[in-house]
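Colleague: Could you take me through one part of this model in some detail? I would like to hear about the metal site and what surrounds it in the chain.

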Amino acid sequence: MEKLDLYYNRENGNVYHEGIASEIPDRISQPLLQRRVETLIGRKGLKASYNTGKSYMKPLLNTLHQKNKKESLDLMLKHLSRRGFGGLKCTELKKDYMKIRVKNCFNALPYSQSNKKVCFEMAGILAACGEVLMGEGMDCMETACTSQGNPYCDFHVFSHGLKTKEKKDEIINSIHPPEEGLVKHNAFHDPLRGETIFKDGSSLILPQGYMAHYQRELESLLGEKPTKKMEYILTKKSSIVTANTIKNKKAAGYLHSPVNFLLREMVKQTQSRGFGIPIVQEFYPGKPYLRLIVKNSFNAHGYFKARKPVCYRMAALCAGFGTALFNRDMDCMETKCTAKGDRFCEFIVYVNPHRRIQSGRSQKRSIQEMATLASL
Ligand SMILES: [Zn+2]
Ligand SMILES: [Zn+2]
């Protein structure tokens with residue numbers, strides 16, 4: 001295991017990995033969304049994964065570009081491995097194409113015994129690598145996948161014969177020189193598996209704004225409402241699992257005062273993962289209600305003049321923690337959002353009287369299902 005240094009800025013809530021502002025979800029959350037999108041609208045839904053991987057990672061990979069192709073590629077593949085995408089190796093490098101083999105690819109995590117290749121986000125990321133390296137328009141196709149029982153995923157990156165359109169991307173703004181007064185956090189990287197452990201769990205270190213970008217891709221494919229519903233349901237489930245894991249550790253602080261301990265942990269986890277700075281505004285012991293604001297919410301990055309609040313995943317995180325906190329099914333509504341010009345995002349966690357009651361058994365089953373997936 002190698003140690004990775006992450007730097008947290010208390011003022012604005014940014015977390016830096018190798019000088020780049022980043023956000024750190026658990027390793028399975030992106031592929032879980034992809035699988036759900038595929039179930040809802042079929043294979044065309046995978047375009048959102050491919051496009052996000054390609055367009056959002058390219059400016060970042062550009063910063064690693066060197067004169068020598070081989071050196072360049074080496075740097076990029078190692079960098080992606082430290083971010084937790086998998087163990088990447090080049091198996092063939094030619095003038096206008098290359099082959100990449102990925103061990104333990106993050107993208108295939110929630111799939112097993114699939115009859116198709118599934119790693120579209122990874123293919124997008126590798127197409128971006130190809131474009132940086134070859135300086136021309138490239139695409140990528142997966143030719144073998146662990147989801148089909150293969151020991152690794154194989155990708156073929158090739159020229160599509162069109163010039164690339166260079167456009168200034170959002171992410172370039174988040175590349176900063178190291179600042180003073182940052183707080184250091186450690187993550188651990190396993191170079192053989194290409195996996196990164198942060199806060200006791202396998203995580204992905206994505207460039208800041210990545211998940212919001214993916215959300216916009218989904219919104220353009222599915223529409224706002226279905227995107228919101230899907231992201232909310234999946235993220236809430238995994239947030240309940242995270243909160244229950246904290247509960248089950250039964251730390252001394254938790255045994256002393258469970259509610260205060262969980263609230264503090266929720267604030268700490270959100271901050272250290274680069275999701276924003278939550279500040280609790282209203283909380284009354286014994287009442288299932290919580291109002292909090294979040295500064296610099298990861299979910300609102302890249303949105304301008306939105307008509308409605310857009311932090312669906314952040315709301316779901318609050319709902320999940322609220323559910324664990326109050327020991328009953330809670331929901332969360334965002335009432336202010338930086339995406340529509342507010343100074344911060346505001347969330348109300350409440351008991352939803354209109355929610356269809358989920359039977360105890362099916363709720364237990366879905367939580368178990370998530371726990372199994374999260375521990376893979
Ligand atoms: Zn694959
Ligand atoms: Zn917001």
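Modeller: Happy to. Four protein donors hold the zinc ion (ligand 1): Cys 119 (SG), Glu 142 (OE), Cys 145 (SG) and Cys 153 (SG), at 2.0 to 2.3 Å from the ion. Please keep in mind that this is a predicted model. The angles among the four donor atoms run from 99 to 116°, and the site is tetrahedral. Along the sequence, the donor residues follow the spacing C-x22-E-x2-C-x7-C. Cys 119 and Cys 145 link distant parts of the chain, being 26 residues apart. Cys 119 sits in the loop between β5 (97-103) and α4 (120-134), while Cys 145 sits in the loop between β6 (138-144) and β7 (153-159).

How buried or exposed are these two cysteines? Cys 119 counts as buried because its relative accessibility is 1%, under the 20% cut-off. Cys 145 is buried too, with a relative accessible area of 0%.

Strands β5 and β7 come up again in a salt bridge. Asp 154 pairs with Arg 101, and their closest N and O atoms are 2.9 Å apart. This pair also links distant parts of the chain, with Asp 154 in strand β7 and Arg 101 in strand β5, 53 residues apart. The two partners differ in accessibility: Asp 154 is buried at 15%, whereas Arg 101 is partly exposed at 27%. Their salt bridge is one of 21 counted in the model.

Technical notes
Residues are numbered from 1 along each chain as its sequence is written. Chains are lettered from A and ligands numbered from 1 in the order in which they are written. This is a predicted model: local features need pLDDT of at least 70, side-chain atom pairs count only at pLDDT 80 or more; totals for chains, interfaces and linings use all residues. Side-chain values use heavy atoms; hydrogens and water are left out. Donors are N, O and S atoms within 2.8 Å of the metal (3.2 Å for Na, K and Ca); water is not among the atoms, so sites may look incomplete. Four donors count as tetrahedral if all angles lie between 85 and 135 degrees; four count as square planar and six as octahedral if opposite donors are over 155 degrees apart and all others between 65 and 115; anything else is irregular. Helices (H or I, at least four residues) and strands (E, at least two) are DSSP runs, numbered from the N terminus. Buried means under 20% relative accessible area, exposed over 50%, partly exposed in between (1.4 Å probe, protein chains only). A salt bridge is a side-chain nitrogen of Lys or Arg within 4 Å of a carboxyl oxygen of Asp or Glu.
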